[in-house]
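Subject: A structure for you to look at

Hi there,

Here is the structure I promised to pass on to you. Please open it beside this email and follow along as you read.

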Amino acid sequence: MPAPRKYPLELRERAVRMYRAAEPKPVIRRMADELGVHHEALRNWIRQAEADAGERDESGMRDQVRGIEHSGHRN
(Lines give C-alpha, C1' and ligand atoms only; values in the text may rest on other atoms or scores of the structure.)
Protein backbone atom coordinates (compact mmCIF):
# COMPACT_ATOMS: atom_id res chain seq x y z
CA MET A 1 0.00 0.00 0.00
CA PRO A 2 1.43 3.45 -0.91
CA ALA A 3 2.41 5.89 1.80
CA PRO A 4 -0.20 8.51 2.70
CA ARG A 5 0.20 11.90 1.06
CA LYS A 6 1.45 14.72 3.23
CA TYR A 7 -0.54 17.32 1.30
CA PRO A 8 -4.07 16.91 -0.08
CA LEU A 9 -4.33 16.41 -3.83
CA GLU A 10 -6.62 19.45 -4.08
CA LEU A 11 -3.90 21.67 -2.58
CA ARG A 12 -1.34 20.32 -5.02
CA GLU A 13 -3.61 20.93 -8.02
CA ARG A 14 -4.57 24.43 -6.86
CA ALA A 15 -0.93 25.38 -6.18
CA VAL A 16 0.16 24.25 -9.65
CA ARG A 17 -2.72 26.12 -11.30
CA MET A 18 -1.86 29.27 -9.36
CA TYR A 19 1.80 29.06 -10.37
CA ARG A 20 1.08 28.36 -14.03
CA ALA A 21 -1.47 31.21 -14.27
CA ALA A 22 0.78 33.80 -12.60
CA GLU A 23 2.67 36.36 -14.70
CA PRO A 24 5.41 37.05 -13.93
CA LYS A 25 6.16 33.68 -12.37
CA PRO A 26 6.35 33.91 -8.57
CA VAL A 27 9.36 32.85 -6.54
CA ILE A 28 8.62 29.21 -5.67
CA ARG A 29 9.99 29.48 -2.13
CA ARG A 30 7.82 32.52 -1.38
CA MET A 31 4.71 30.96 -2.91
CA ALA A 32 5.30 27.74 -0.97
CA ASP A 33 5.56 29.70 2.29
CA GLU A 34 2.27 31.44 1.50
CA LEU A 35 0.58 28.09 0.82
CA GLY A 36 2.13 26.39 3.84
CA VAL A 37 3.96 23.71 1.86
CA HIS A 38 7.62 22.80 1.56
CA HIS A 39 9.27 24.62 -1.36
CA GLU A 40 10.76 21.43 -2.81
CA ALA A 41 7.32 19.80 -2.80
CA LEU A 42 5.92 22.73 -4.78
CA ARG A 43 8.90 22.71 -7.16
CA ASN A 44 8.39 18.97 -7.79
CA TRP A 45 4.65 19.41 -8.36
CA ILE A 46 5.33 22.13 -10.94
CA ARG A 47 7.99 20.05 -12.70
CA GLN A 48 5.68 17.05 -12.81
CA ALA A 49 2.82 19.14 -14.22
CA GLU A 50 5.15 20.51 -16.92
CA ALA A 51 6.31 17.00 -17.80
CA ASP A 52 2.72 15.72 -17.88
CA ALA A 53 1.78 18.57 -20.24
CA GLY A 54 4.73 17.75 -22.52
CA GLU A 55 6.46 21.03 -21.67
CA ARG A 56 9.44 19.42 -19.97
CA ASP A 57 11.51 16.50 -21.18
CA GLU A 58 12.61 14.93 -17.93
CA SER A 59 14.37 11.99 -19.58
CA GLY A 60 16.44 14.29 -21.79
CA MET A 61 17.43 16.39 -18.82
CA ARG A 62 18.53 13.29 -16.92
CA ASP A 63 20.64 12.20 -19.89
CA GLN A 64 22.30 15.62 -20.01
CA VAL A 65 23.11 15.49 -16.31
CA ARG A 66 24.51 11.98 -16.64
CA GLY A 67 26.67 13.13 -19.54
CA ILE A 68 28.06 16.02 -17.52
CA GLU A 69 28.68 13.81 -14.50
CA HIS A 70 30.46 11.17 -16.54
CA SER A 71 32.58 13.61 -18.52
CA GLY A 72 34.21 14.80 -15.32
CA HIS A 73 35.17 11.27 -14.28
CA ARG A 74 37.11 10.38 -17.43
CA ASN A 75 40.23 12.33 -16.50
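Let's start with helix 1, where the buried residues pack against helix 2 and helix 3. Please keep in mind that this is a predicted model.

Which residues of helix 1 are the buried ones? They are L11, A15, V16 and Y19. Around the axis they cover an arc of only 130°, which puts them on the same side of helix 1. Turn to the other side of helix 1 and you will find E10, R17 and A21, which are exposed. You can also check the length of this helix yourself. At 1.5 Å a residue, its 13 residues should span 18 Å, and the C-alpha atoms at its ends are indeed 18 Å apart, so the two values agree.

Now for the overall picture. The chain has four helices and zero strands, and reading along the sequence gives the pattern α-α-α-α. It has 75 residues, of which 23% count as buried. If you take the contacts between residues at least 6 apart in sequence, 43% of them join residues at least 24 apart.

Next, the inside. The largest nonpolar core has 15 residues, and the members that touch the most others are Y7, V37, L42 and W45. Helix 1 (9-21), helix 2 (28-35) and helix 3 (39-52) each supply at least two residues of this core. Helix 3 gives the largest share, five residues.

Two of those well-connected members deserve a visit. Leaving out residues up to four places away in sequence, V37 touches Y7, L11, A32, L42 and W45. L42 is found in helix 3. Is L42 buried or exposed? Its relative accessibility is 0%, so L42 counts as buried. With the same neighbours in sequence left out, L42 touches A15, I28, M31, A32 and V37. The contact with A15 is a nice one to look for: L42 and A15 are 27 residues apart in sequence, while their C-alpha atoms are 7.5 Å apart in space.

The other two are an aromatic couple. Y7 and W45 are both buried, and the count of aromatic pairs in the model comes to one. Their ring centres are 5.5 Å apart and their planes stand at 85°, so the pair is edge-to-face. This pair links distant parts of the chain, since Y7 sits in the segment before helix 1 and W45 in helix 3, 38 residues apart.

Here are two more spots to explore:

- Y19 and K25: the charged end of K25 sits over the ring of Y19, 5.4 Å from the ring's centre. You have met Y19 already, among the buried residues of helix 1.
- E50: this residue lies in helix 3. Its relative accessible area is 18%, and the cut-off for buried is under 20%, so E50 counts as buried. Not counting residues up to four places away in sequence, E50 touches R20, E55 and R56.

If you would like an order for your tour, begin at the buried side of helix 1, go on to the core residues V37 and L42, and finish with the rings of Y7 and W45.

Enjoy exploring, and write back with any questions!

Best wishes

Note on methods. Residues numbered from 1 in each chain as written. Predicted model: local features only at pLDDT ≥ 70, side-chain atom pairs only at ≥ 80, totals over all residues. Heavy atoms only, no water. Core = buried A, V, L, I, M, F, W, Y, C linked by side-chain atoms within 4.5 Å. Buried < 20%, exposed > 50% of the residue type's maximum accessible area, 1.4 Å probe, protein only. Contact = heavy atoms within 4.5 Å. Expected span 1.5 Å × (residues − 1). Arc of directions from axis to C-beta. Phe/Tyr/Trp six-rings, centres within 6.5 Å; stacked < 30°, edge-to-face > 60°. Lys NZ or Arg CZ within 6 Å of the ring centre and 35° of its normal.
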